[in-house]
Amino acid sequence: MGWGGSSDPAWQGQSGPVEGKPSTRAHLHALERSSALVAFALLSAVCVLCGRADADPDIYGEKSQDNGVCTHENCLVSFPGAAPSFPLVPQPVAWALHAQPRRIEGWLLRFLQICYVCGKRGATITCYGKKCKNSFHFPCGHENGCVSQFFGQYRSFCQKHRPAQTVQAHQDSQTSCIICLEHVEEKLSYQTMVCPSCRQAWFHRGCIQQQAFHAGLLCFRCPQCNDREKFLPEMSSLGIQVPARQPAWEAGAGFTDMYQRHSRCDASLCLYAQGREQAEEEGPWYLLLCSSCAAKGTHRRCSALQDITATWECEDCAGVSTGKSRL
């Protein structure tokens, strides 16, 4: 349930943001309401910024709790002023209001802003469009065509002011999404996008977002022309979130062996008293790996090599029964 779903008195009262000096009665009353609102969130499992308990990482990012404060990752990074130098709720709200009233005042008043999408309080994100005062919750914006950028200043835009593609691209008849192979709209839109480089790869917003999640920052590129130079900046500006992490296909156990150095003597007869799995840092029992494949190894002594031999090739790579060594 989002903000506005509680019967607590803090949810009642004025329907819009409060204007005025901090000394005015209305302003102080507003701070009391917003502090009660935040206190409610601190005592529950809902995100203190959007008021939802949902935990879909593809939409909200990771959900975390720190000192009793629950936040969605994407709500947090989209919230103006939530930089590391400005902790979100560093102390209990009541103490913060007493000790740092000027610093926390603006933060609390954001909870009185009305979301232009759902009409409820707690809209902490404001459109960056010129002179635009539309505010919204991150999930409300996500569901209704708003755009939040996940780089630079982490700006957000309402439907009216969101960035759109301007590239001139033409479809063939019955163009399909290059990722899911389902039909796309006949022209560019919020949901239908195209690669700005090749102008041939059309895809749904949801499909390219899933690819970004799986590819990560280093591998995200056009699925058809493999362009990255134009593709990454444009997709990012349109609200596609590209996480700064390794590709999902490298994070699983399937690639674990690729990052481990071979550490076993594969000679037909290993002479080392400590066994095939052991080696010394120098001398006759130093383990040499094949200089071509690095998938096999030998102690110098086990392949009748000199103690100063620096490289060696296994039988498969050298093509001779004894292998080949080089000083």
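In the predicted model, Asp 266 is partly exposed, its relative accessible area being 30%. The side chain of Asp 266 forms a salt bridge with that of Arg 264, with an N to O distance of 3.2 Å. Arg 264 is likewise partly exposed, at a relative accessible area of 32%. The pair belongs to a wider arrangement, since salt bridges with shared partners join Arg 264, Asp 266 and Glu 277 into one network.

In total, 4 salt bridges were counted in the structure. One of them pairs Glu 143 with Arg 52, the closest N and O atoms being 2.8 Å apart. Glu 143 is part of helix α6 (residues 138-143), whereas Arg 52 belongs to the loop between α1 (25-42) and α2 (57-60); the two residues are 91 apart in sequence, so the salt bridge ties together separate parts of the chain. Arg 52 is buried, with a relative accessible area of 15%. A further salt bridge is formed by Lys 296 and Asp 316, for which the closest N and O atoms are 2.9 Å apart. This pair also links distant parts of the chain: Lys 296 is placed in the loop between β9 (287-289) and β10 (297-299), and Asp 316 in helix α10 (residues 315-318), 20 residues apart. The two partners fall into separate accessibility classes, Lys 296 being partly exposed at 33% and Asp 316 exposed at 60%.

At the level of the whole chain, the model contains 10 helices and 12 strands. The chain has 327 residues, of which 40% count as buried. The exposed surface amounts to about 18,400 Å², and carbon and sulfur atoms supply 50% of this area. Among contacts between residues at least 6 apart in sequence, 48% join residues at least 24 apart.

Nonpolar side chains tend to be buried together in soluble globular proteins. In the present model, the largest nonpolar core comprises 22 residues, and the members that touch the most others are Met 193, Phe 203, Ile 208, Phe 220, Phe 231, Met 235 and Ile 240. At least two residues of this core come from each of β7 (192-194), β8 (202-204), α7 (205-219) and α8 (231-237). Of the contributing elements, α7 gives the most, with 4 residues. The surroundings of one core member, Phe 231, were examined further. Beyond its neighbours within four places in sequence, Phe 231 is in contact with Cys 195, Pro 196, Phe 203, Ile 208, Phe 220, Arg 221, Cys 222 and Pro 223. Another core, of 15 residues, lies apart from the largest one, and its members include Cys 75, Phe 79, Cys 115 and Ala 123.

Ala 123 also takes part in a polar interaction, as its backbone oxygen lies 2.6 Å from a polar atom of the Gln 113 side chain. Gln 113 is located in the loop between α5 (101-109) and β3 (125-126). Despite this loop position, Gln 113 is buried, with a relative accessible area of 16%.

A second polar residue with low accessibility is Ser 148, which is buried at 8% relative accessibility. Ser 148 is found in strand β5 (residues 147-148), and its side chain makes a polar contact of 2.9 Å with the side chain of Ser 156. When neighbours within four places in sequence are set aside, the residues in contact with Ser 148 are Ser 78, Phe 138, Arg 155, Ser 156 and Gly 239.

The search for disulfides across the whole structure returned 0. Cys 140 is accordingly in no disulfide, and the nearest cysteine sulfur, belonging to Cys 118, is 3.8 Å away. Cys 140 is buried, with a relative accessibility of 5%. For Cys 180, the closest cysteine sulfur is that of Cys 177; the separation is 3.7 Å, which is too far for a bond. Because its relative accessibility is 30%, Cys 180 counts as partly exposed.

Conventions: Residues are numbered from 1 along each chain as its sequence is written. This is a predicted model: local features need pLDDT of at least 70, side-chain atom pairs count only at pLDDT 80 or more; totals for chains, interfaces and linings use all residues. Side-chain values use heavy atoms; hydrogens and water are left out. Buried means under 20% relative accessible area, exposed over 50%, partly exposed in between (1.4 Å probe, protein chains only). A polar contact is a pair of N or O atoms within 3.5 Å; within protein, one must be able to donate a hydrogen and the other to accept it, and residues adjacent in sequence count only if both atoms are side-chain atoms. Contact means heavy atoms within 4.5 Å. A disulfide is a pair of cysteine sulfur atoms within 2.5 Å. Accessible areas come from the Shrake-Rupley method with a 1.4 Å probe; for residues, only the protein chains shown count as cover. A nonpolar core is a set of buried Ala, Val, Leu, Ile, Met, Phe, Trp, Tyr and Cys residues joined through side-chain atoms within 4.5 Å.
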